[in-house]
Amino acid sequence: MRKWRYVRSGACSPAYNMAADEAIMMAVGAGEAPATLRFFGWSPATLSIGYFQKAADEVRLDEVKARGIGFVRRPTGGRAVLHDAELTYSIVVPERYPGLPTSVTESYRVLSEGLVHGFRALSLDASMVSLASEEEKAKYATAGSAACFDSPSWYELVVDGRKVAGSAQVRQHGAVLQHGSILLDIDVGLLFELLQFRSERLRERLAADFAGKAAAINGLRAARGLPPVGVPEAEEAFASGWAQALDVELAPADLTAAEEAAAARLAAGKYGSDEWNLRR
């Protein structure tokens with residue numbers, strides 16, 4: 001059984017969160033740190049956008065600022081996510097980790113198995129989406145907003161046909177980083193107030209459509225007569241889920257001094273800068 005590092009960062013700034021993920025990726029790729037599972041939160045609540053999104057075209061930046069919401073561009077693709085009442089995870093493994101497929105899609109499948117086990121530990125029968133058939137593609141088709149949870153991609157997680165976790169992946173520095181959002185609760189109205197639309201009517205229509213396609217853990221548990229869970233319970237469930245799915249032992253630890261120094265540099269010079277966050 002391989003041993004992974006298990007890091008619980010707590011709530012951190014948006015720039016630090018993305019910088020820490022990259023710092024870990026650099027260390028793991030260089031052989032200076034083991035494969036790592038990290039859980040973290042956000043202070044303040046933050047809107048993150050994917051690497052390829054156009055901030056000025058898709059986000060109401062003045063509204064984000066006025067509401068005291070943080071803002072950061074991820075190094076990974078995908079669409080906008082409002083990080084608030086959620087558990088955020090990141091997994092970093094060497095690019096040639098034993099048993100990890102070389103294709104992005106298939107490596108998603110392997111690394112996301114822990115999510116399936118975690119949701120089931122919380123009494124939610126999650127499954128991975130396969131978009132192999134036209135029927136499945138039509139089932140999860142969307143009118144198209146800038147929001148990540150608008151529709152699932154290959155091997156993302158659904159419960160009762162609704163997306164419950166959004167993940168993205170990047171390969172750099174000789175390592176694979178997959179990180180994602182596991183919703184405990186969701187404020188659809190706030191999310192859609194932060195995004196750009198051609199009209200208020202379109203905003204309202206897409207928000208209503210989104211609410212039928214995305215779900216959060218506590219809403220799903222409430223529908224089953226189950227009590228809500230908080231971050232500690234979610235961390236326990238998903239940590240156990242990944243340990244079981246990937247047959248690894250999780251060893252609690254912190255980032256190294258070198259990783260923390262790299263994260264501080266990246267937070268100040270990259271993820272905390274308009275040059276990065278508003279570049280497109």
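Two strands are taken as paired if DSSP finds at least two bridges between them. In this predicted model, an open sheet of 8 strands follows the order 7-8-9-10-6-2-1-11, and its pairing is mixed. Strand 7 (127–128) and strand 11 (248–252) stand at the edges. Each has a single partner strand, so one side of each is left without a neighbour in the sheet.

The chain as a whole comprises 12 helices and 11 strands. Its radius of gyration is 18 Å, close to the 19 Å that the globule rule gives for 280 residues, so the chain is as compact as a globular protein of that length. The C-alpha trace spans about 50 × 40 × 35 Å along its principal axes. Of the 280 residues, 53% are buried. Contacts between residues at least 6 apart in sequence were also examined; 78% of them join residues at least 24 apart. The exposed area of the chain is about 12100 Å², and carbon and sulfur atoms supply 50% of it. The chain carries 31 positive and 35 negative charges, whose mean positions lie 4 Å apart.

Within the open sheet, strand 10 (residues 175–183) is flanked by strands 9 and 6 in the strand order. Strand 10 has 9 of its 9 residues buried, so it is largely enclosed by the rest of the structure. In a regular strand the side chains alternate between the two faces of the sheet. In strand 10, Ala175, Leu177, His179, Ser181 and Leu183 point one way. Val176, Gln178, Gly180 and Ile182 point the other way, and all of these residues are buried.

Both neighbours of strand 10 run antiparallel to it. Strand 6 (residues 86–94) is joined to strand 10 by 9 bridges. Here tyrosine 89 stands opposite glycine 180. Strand 9 is joined to strand 10 by 8 bridges, and alanine 165 stands opposite isoleucine 182. Strands 9 and 10 form a hairpin with 2 residues between the strands. In this hairpin, histidine 173 takes a positive phi near 60°. Strand 9 (residues 162–172) also pairs with strand 8 (residues 157–159), in the antiparallel sense, over 3 bridges. Valine 159 has arginine 162 of strand 9 as its bridge partner.

Valine 176 belongs to strand 10. Its relative accessibility is 0%, so valine 176 counts as buried. Leaving aside residues up to four places away in sequence, valine 176 touches Ile91, Val92, Val93, Pro94, Glu95, Leu100, Leu111, Gln169, Val170 and Arg171. Arginine 74 lies 102 residues from valine 176 along the chain, and the C-alpha atoms of the two are separated by 14 Å.

A parallel pairing is found between strand 3 (residues 46–49) and strand 4, over 4 bridges. Leucine 47 has phenylalanine 71 of strand 4 as its bridge partner. Strand 4 covers residues 70–73. Gly70 and Val72 point one way from strand 4, whereas Phe71 and Arg73 point the other way. All four of these residues, Arg73 included, are buried.

Note on methods. Residues are numbered from 1 along each chain as its sequence is written. This is a predicted model: local features need pLDDT of at least 70, side-chain atom pairs count only at pLDDT 80 or more; totals for chains, interfaces and linings use all residues. Side-chain values use heavy atoms; hydrogens and water are left out. The radius of gyration is taken over C-alpha atoms; the globule rule is 2.2 Å times the number of residues to the power 0.38. Buried means under 20% relative accessible area, exposed over 50%, partly exposed in between (1.4 Å probe, protein chains only). Contact means heavy atoms within 4.5 Å. Accessible areas come from the Shrake-Rupley method with a 1.4 Å probe; for residues, only the protein chains shown count as cover. Lys and Arg count as positive and Asp and Glu as negative; His and the chain ends are not counted. The place of a charge is taken as NZ of Lys, CZ of Arg, CG of Asp or CD of Glu.
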